[in-house]
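Let's look at how the words we use for a protein are earned, one value at a time. Have the picture open as you read.

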Amino acid sequence: MNEIIDGKKFSQALRYKVKNYVQVIKEKKGVTPGLAVILVGEDPASQVYVRNKGKQTLEAGMNSYEHKLDASTPSEVLLGLIKNLNRDPNVHGILCQLPLPNHLNEKEVINAINPEKDVDGFHISNVGLLNTGQKSMIPCTPLGCLLLLKDRLGDLSGKKAVIVGRSNIVGKPMANLLLQENCTVTITHSRTENIENTCAQADIIVAAIGKPEMIKKEWVKKGATVIDVGINRVTKKIESNEKTVLVGDVCFSDMVGLVAGVTPVPGGVGPMTIACLLANTVTACYRSQDLSDPEFT
Ligand code: NDP
């Protein structure tokens, strides 16, 4: 099926590019990019993400530093660790795995990270820079979506893009990135009226909702390109057995034969997120050495 946008394959190629850039900076400057990941508590999903991030960081030839803190870690201790990592010349990227335990203030923690090392792109300075079209750290998931879209469609100029979802980590930065690509962007959310009709006008739909298979064929124009960010765990009956499977926010089977391109779940946006984290870490390292940004598009 040539409408499938294979994020797994694309992310492998991206990680290969990252590895090459790592090699170049090691040879040119004797510097190895380093990513520090902080995990507070024992959330099982977060533990899996952190493990994968560490593994892929090492595979790309970078240094990986994991800091696992107890769930009851006081704010001052976490902020103290971030302060040390901000100063550490071997650390070019810092990521604090979210969500944090309730007693910690997420905004305060994220804004304590040096914006130049904020490889998640969540620091308020990076949000402001992105919103005003300046050089910033771009949040990994929207960056991954953009790379997939540009790879599939080339120039995005003039396209009508509809984003479903307005979160700070996906919907809003995605809208800003597509605006910078000269798309005409509409952001929709849970209070949007006639959302189905709005989506049906779009050349590009990016779904970041967290509602299993909400986007059906009636929502999508023939020939549109659909990026499905959603990751939902649902129980499905497969050959008379109940199984837990992952589905996106888009009804994938409805898209077959209708769209020009669609990302599957799993295997679409998901693998791009970690690859973009590695790319951001290399970018941060290049910037720290006054080198021009690596090119990942
Ligand atoms: P949030 O819960 O922060 O935001 C969801 C957005 O969807 C909100 O803006 C909400 O609107 C909107 N929404 C909810 N219900 C409806 C509805 N019925 N109609 C229209 N809009 C609706 O989620 P995230 O942005 O963090 O994540 C979205 C999905 O993407 C999740 O499934 C998450 O797991 C996945 N995800 C995947 C990543 C990856 O690497 N592939 C990374 C990050 C997220 P309102 O603001 O009005 O409440």
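Q: Where is N194 found, and what makes it count as exposed or buried?
A: N194 sits in the loop between β5 and α8 (195–200). Helices (H or I, at least four residues) and strands (E, at least two) are DSSP runs, numbered from the N terminus. Buried means under 20% relative accessible area, exposed over 50%, and partly exposed in between, with a 1.4 Å probe and protein chains only. N194 has 56% relative accessibility, so it counts as exposed.

Q: What is notable about the phi of N194?
A: Its phi is positive, about 50°, although N194 is not a glycine. E213, in the loop between β6 and β7 (225–228), also has a positive phi, near 50°, and is a residue other than glycine.

Q: What kind of model is this, and how are residues counted?
A: This is a predicted model, where local features need pLDDT of at least 70, side-chain atom pairs count only at pLDDT 80 or more, and totals for chains, interfaces and linings use all residues. Residues are numbered from 1 along each chain as its sequence is written, and side-chain values use heavy atoms, with hydrogens and water left out.

Q: Why is V31 called buried or exposed?
A: V31 has a relative accessible area of 15%, and the limit for buried is under 20%, so V31 is buried. Its place is in the loop between α1 and β1.

Q: Which residues does V31 touch?
A: Contact means heavy atoms within 4.5 Å. Not counting residues up to four places away in sequence, V31 touches I25, K26, H92, C285 and Q289. V31 and Y286 are 255 residues apart in sequence and 9.5 Å apart in space, C-alpha to C-alpha.

Q: How do you know whether S46 is buried or exposed?
A: The relative accessibility of S46 is 2%, which is under 20%, so S46 counts as buried. S46 is found in helix α2 (residues 44–59). Not counting residues up to four places away in sequence, S46 touches L39, Q97, L98 and P99.

Q: What makes the pair S46 and D43 a polar contact?
A: A polar contact is a pair of N or O atoms within 3.5 Å; within protein, one must be able to donate a hydrogen and the other to accept it, and residues adjacent in sequence count only if both atoms are side-chain atoms. The side chains of S46 and D43 are joined at 2.8 Å, within that limit.

Q: Which peptide bonds are called cis?
A: The bond from L98 to P99 is cis, with omega near 0°. The bond from V265 to P266 is cis too, with omega near 0°. P99 lies in the loop between β3 (93–96) and α4 (106–112), and P266 in the loop between β10 and α10.

Q: How do you know that β4 pairs with β5?
A: Two strands pair if DSSP finds at least two bridges between them. β4 and β5 (residues 184–188) are joined by 5 bridges and run parallel. Within this pair, K160 stands opposite T184, and V164 has T188 as its bridge partner.

Q: What joins β4 to β6?
A: There are 4 bridges between β4 and β6, and these strands run parallel. Here A161 stands opposite I204.

Q: Why is β4 described as largely enclosed?
A: Of the 5 residues of β4, 4 are buried, so the rest of the structure largely encloses this strand.

Q: What is the strand order of the open sheet, and why do β5 and β10 stand at the edges?
A: The sheet has 5 strands in the order β5-β4-β6-β7-β10, with parallel pairing. β5 and β10 (261–262) each have a single partner strand, so one side of each is left without a neighbour in the sheet.

Q: Why is the largest nonpolar core said to lie between domain 1 and domain 2?
A: A nonpolar core is a set of buried Ala, Val, Leu, Ile, Met, Phe, Trp, Tyr and Cys residues joined through side-chain atoms within 4.5 Å. This one has 51 residues, and V18, L149 and I227 are among those touching the most other members. α10 gives the most, with 11 residues. Domain 1 (30–114) and domain 2 (140–270) both give residues to this core, so it lies between them. The domain bounds come from an automatic or database domain assignment.
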